[in-house]
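User: I'd like to learn how to read the features of a fold, one step at a time. Could you walk me through this one?

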Amino acid sequence: MKNLADQIKQALSALAYADIGERIGRREKHAALFPEAASRTPAPSPIPVATRKWIALGVGDSLPPHVMAYVIGACRRMQADLLLISRDAMQVRALLAEYLPDLHGITCETEELTGTSSASVVDAMNQHHGLLFAVSSAEGDPLRPLLRPRRGVRSPVPVVLVTPKPPVASTAASLKAVRK
């Protein structure tokens with residue numbers, strides 16, 4: 001009779017803790033099932049995996065101020081770094097010189113393209129994991145061909161085309177002309 005009572009107590013105790021296995025992780029389950037093994041080996045410390053976020057900017061012959069204002073603001077808001085994609089890295093360095101004070105705190109990396117095709121641009125973008133989106137700025141920009149949809153080459157991320165804002169005065173004047 002005592003054996004049956006012990007088995008009932010054990011079954012009721014198991015029922016009381018039955019759902020705990022669903023709430024704890026694999027290591028905690030192992031430590032609960034094998035307490036002597038858990039005390040002998042220290043738990044491995046988790047390795048933090050820091051994925052960097054990137055915003056790509058296609059750099060052609062010029063870097064317009066409205067594009068740089070947009071990109072710098074986006075990098076700050078999203079806490080992302082800036083990837084500059086260009087055919088000439090030295091030209092990028094010269095164009096960025098006037099924006100260096102605004103880029104303080106944003107890591108900039110230049111990716112010089114090996115070819116002139118859209119495939120080389122996509123390859124450069126695929127090398128950086130964590131790429132959020134790409135920004136196209138001027139006519140000579142290497143990202144510009146990715147805006148036109150083609151069957152063969154597609155951008156792995158959305159491409160944003162940044163254009164200058166129209167003057168407010170002309171917009172107000174056009175609204176007055178429509179109302180009359």
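User: Thanks! Let me start with a single residue: is S120 buried or exposed?

Analyst: Happy to help, and please keep in mind that this is a predicted model. Buried means under 20% relative accessible area. S120 has 10% relative accessibility, so S120 counts as buried. As for its place, S120 is found in helix α7, residues 118-126.

User: What does S120 touch, leaving out residues up to four places away in sequence?

Analyst: On that count, S120 touches L113, T114 and G115. There is also a polar approach to note: a polar atom of the S120 side chain lies 2.7 Å from the backbone oxygen of S117.

User: Now the sheet. In what order do the strands come, and is the pairing parallel or antiparallel?

Analyst: The general idea is that strands of a sheet pair through backbone hydrogen bonds, either parallel or antiparallel. Here, five strands form an open sheet with parallel pairing, in the order β3-β2-β1-β4-β5. β3 and β5 (159-161) are the edge strands, as each pairs on one side only. From one strand to the next, the twist averages 25°.

User: Which residues can I use to check the pairing of β1 with β4?

Analyst: Try L57, whose bridge partner in β4 is V135. β1 and β4 run parallel and are joined by four bridges.

User: And how many bridges link β2 and β3?

Analyst: Five bridges link strand β2 (residues 81-86) to strand β3 (residues 108-112), again in the parallel sense. To get from β2 to β3 the chain passes through helix α6 (residues 89-96), and this β-α-β crossover is right-handed. A pair to look for is I85 with its bridge partner E111 in β3.

User: Which residues have the most contacts inside the largest nonpolar core?

Analyst: The principle first: in soluble globular proteins, nonpolar side chains tend to be buried together. In this model the largest nonpolar core has 22 residues, and L57, L63, M68, L82, L103 and V135 have the most contacts inside it. Elements giving two or more residues to this core are β1 (54-58), α5 (65-78), β2, α6 and β4 (131-136). The largest share, six residues, comes from α5. A second, separate core has 15 residues, including W54, V122, A134 and L146.

User: How does α5 sit against the sheet?

Analyst: Helix α5 lies across β1, β2, β4 and β5, and runs at about 170° to β4. For a closer look at the packing, take M68: leaving aside neighbours within four places in sequence, M68 is in contact with L57, L63, L96, Y99 and L103.

User: Let's finish with two loop residues. Is Q79 buried or exposed?

Analyst: Over 50% relative accessible area means exposed. Q79 has 65%, so Q79 is exposed. Q79 is found in the loop between α5 and β2. Its phi is near 50°, a positive value in a residue other than glycine.

User: And P142, buried or exposed?

Analyst: P142 has 2% relative accessibility, so P142 counts as buried. P142 is in the loop between β4 and β5. Not counting residues up to four places away in sequence, P142 touches G58, V59, G60, I85, S86, R87, L113 and V121. One of these, S86, is 56 residues from P142 in sequence, with the C-alpha atoms 6.5 Å apart in space.

Technical notes:
Residues numbered from 1 in each chain as written. Predicted model: local features only at pLDDT ≥ 70, side-chain atom pairs only at ≥ 80, totals over all residues. Heavy atoms only, no water. Pairing = 2+ DSSP bridges. Right-handed = clockwise from strand over helix to strand, strands pointing away. Core = buried A, V, L, I, M, F, W, Y, C linked by side-chain atoms within 4.5 Å. Buried < 20%, exposed > 50% of the residue type's maximum accessible area, 1.4 Å probe, protein only. Contact = heavy atoms within 4.5 Å. Polar contact = N/O pair within 3.5 Å; in protein donor to acceptor, adjacent residues only side chain to side chain. Axes fitted to C-alpha atoms, helices over the stretch in contact; angles between N-to-C directions.
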